[in-house]
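Subject: Handover of a structure and notes on its contents

Dear colleague,

Please find below the structure that I am passing to you, together with its sequence. I should be grateful if you would read the notes with the model open beside them.

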Amino acid sequence: MIRSTSQNDDIEFIFADEPVDYLEALAFMEHRVRQIALGEAKQCVWFLEHAPLYTAGTSAQEEDLVSKDLFPVYKAGRGGQYTYHGPGQRIVYIMLNLNNYDRDVRCFVRKIENWMIDTLGHFNVSARIVPDRVGVWVDRPELGTERCDKIGAIGIRVRKWVSFHGLSLNVEPDLTHYNGIIPCGISDQGVTSLVDLGHPITLHDVDQALLQEFEANF
């Protein structure tokens with residue numbers, strides 16, 4: 001079942017109550033992006049989960065897929081390299097018209113990063129951007145002076161100045177599932193989650209924080 005709400009007159013916020021098939025999600029985004037570009041549908045922000053799978057972005061390197069038979073692997077069409085999606089991870093597909101954001105893709109990515117950082121602040125997690133790396137990171141000095149783990153990933157695509165794909169934020173995924181890939185091509189740092197950091201937060205809690213911070217960032 002999918003629940004829909006209109007927090008904003010121009011944007012439809014959709015919440016999937018059950019995991020969504022990845023190919024069905026791609027088809028939905030393709031259709032909605034065409035509609036938005038033609039002015040036939042509202043912009044859309046879609047909150048969901050997927051069953052365990054790996055996605056390969058346009059920069060994915062074959063050697064970064066460590067375990068080829070562990071989970072299904074899909075070519076995503078978004079920017080970036082290999083990443084994991086699975087239960088306990090909040091995925092947000094962001095279908096917005098970048099004509100409203102000065103057609104600046106880099107600035108738009110920064111908005112998504114800041115959105116996640118501000119959301120994590122609701123749970124007393126201090127996250128940050130790392131130069132030359134996309135996504136959101138958390139310093140882990142207890143694991144080493146140079147250790148910085150990724151908690152949020154970003155991969156977007158833009159067509160006719162409408163964005164799709166989006167972000168994934170680790171709430172309580174099985175972190176061992178990342179062992180089948182080198183996430184985003186980075187092998188010298190780790191991956192973490194809110195629960196791994198000692199914060200027993202639910203997806204619903206995270207959704208509420210994301211909604212609260214959306215308007216401030218977009």
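The notes below cover the nonpolar cores, the cysteines, the pocket and cavities, and several individual residues.

Please bear in mind throughout that this is a predicted model.

Nonpolar cores

I begin with the interior. In soluble globular proteins, nonpolar side chains tend to be buried together. Here the largest nonpolar core has 37 residues, and those with the most contacts inside it are Val-45, Leu-96, Phe-108, Trp-115, Leu-167 and Leu-194. At least two residues of this core come from each of β2 (11-16), β3 (43-48), β7, α2, β8 (136-139), β9, β10 and α3 (203-217). The greatest contribution to this core is that of α2, with seven residues.

Trp-115 is a useful place from which to inspect this core. When neighbours within four places in sequence are set aside, Trp-115 is in contact with Val-45, Val-92, Ile-94, Leu-167, Leu-210, Glu-213, Phe-214, Asn-217 and Phe-218. There is also a second, separate core of 19 residues, which includes Ala-16, Ala-25, Leu-53 and Ile-91.

Tyr-93 belongs to strand β7. Tyr-93 counts as buried because its relative accessible area is 3%, under the 20% limit. Beyond its neighbours within four places in sequence, Tyr-93 is in contact with Tyr-22, Ala-25, Met-29, Cys-44, Val-45, Trp-46, Leu-48, His-50, His-165 and Gly-166. By contrast with these contacts, Ala-127 stands 34 residues from Tyr-93 in sequence and 21 Å from it in space, C-alpha to C-alpha.

Cysteines

How many disulfides does a search of the whole structure find? The search finds zero. Cys-44 has 0% relative accessibility and therefore counts as buried. Cys-148 is likewise classed as buried, at 5% relative accessibility.

The largest pocket

The largest pocket has a volume of about 580 Å³. Its lining is made up of 33 residues, and Gly-80, Val-109, Val-134, Ile-154 and Gly-155 are those nearest the centre. At least two lining residues are supplied by each of β6 (82-85), β7 (89-95), α2 (105-121), β9 (148-159) and β10 (162-170). Which element gives the most to this lining? That element is β9, with five residues. By residue class, the lining of the largest pocket comprises 15 nonpolar, 11 polar and seven charged residues.

Cavities

The structure holds two cavities of 30 Å³ or more. The largest cavity has a volume of about 90 Å³. This cavity is lined by 13 residues, with Thr-83, Lys-150, Ala-153, Asn-170 and Tyr-178 nearest its centre. The elements giving two or more residues to the lining are β9 and β10. The largest share, four residues, comes from β9. In the lining of the largest cavity, seven residues are nonpolar, five are polar and one is charged.

Residues in loops

Two residues other than glycine have positive phi values, and you may wish to view them in turn. For Arg-103, phi is near 50°. Arg-103 sits in the loop between β7 and α2. The relative accessibility of Arg-103 is 45%, so this residue counts as partly exposed. For Lys-160, the positive phi is about 50°. Lys-160 is found in the loop between β9 and β10. At 67% relative accessibility, which is over the 50% limit, Lys-160 therefore counts as exposed.

Asp-174 lies in the loop between β10 and α3. Is Asp-174 buried or partly exposed? Asp-174 is partly exposed, because its relative accessible area of 36% falls between the limits of 20% and 50%. Apart from neighbours within four places in sequence, Asp-174 is in contact with Tyr-84 and Pro-87. Asp-174 and His-85 are 89 residues apart along the chain, and their C-alpha atoms are separated by 10.0 Å.

To draw the notes together, β9 is the element that gives the most to the lining of the largest pocket, and β9 also gives the largest share of the lining of the largest cavity. In the largest nonpolar core, the leading contribution is that of α2.

Yours sincerely,

A colleague

Terms used. Residues are numbered from 1 along each chain as its sequence is written. This is a predicted model: local features need pLDDT of at least 70, side-chain atom pairs count only at pLDDT 80 or more; totals for chains, interfaces and linings use all residues. Side-chain values use heavy atoms; hydrogens and water are left out. On a 1 Å grid over the protein atoms alone, a cavity is a set of points where a 1.4 Å probe fits but cannot get out, and a pocket is an open set with protein on both sides within 12 Å along at least five of seven lines; lining residues have an atom within 4 Å of a point. Grid points are joined across faces, edges and corners, and a volume is the space filled by probe spheres set on the points. Ala, Val, Leu, Ile, Met, Phe, Trp, Tyr, Cys and Pro count as nonpolar, Asp, Glu, Lys and Arg as charged, and the others, Gly among them, as polar. A disulfide is a pair of cysteine sulfur atoms within 2.5 Å. Buried means under 20% relative accessible area, exposed over 50%, partly exposed in between (1.4 Å probe, protein chains only). A nonpolar core is a set of buried Ala, Val, Leu, Ile, Met, Phe, Trp, Tyr and Cys residues joined through side-chain atoms within 4.5 Å. Contact means heavy atoms within 4.5 Å.
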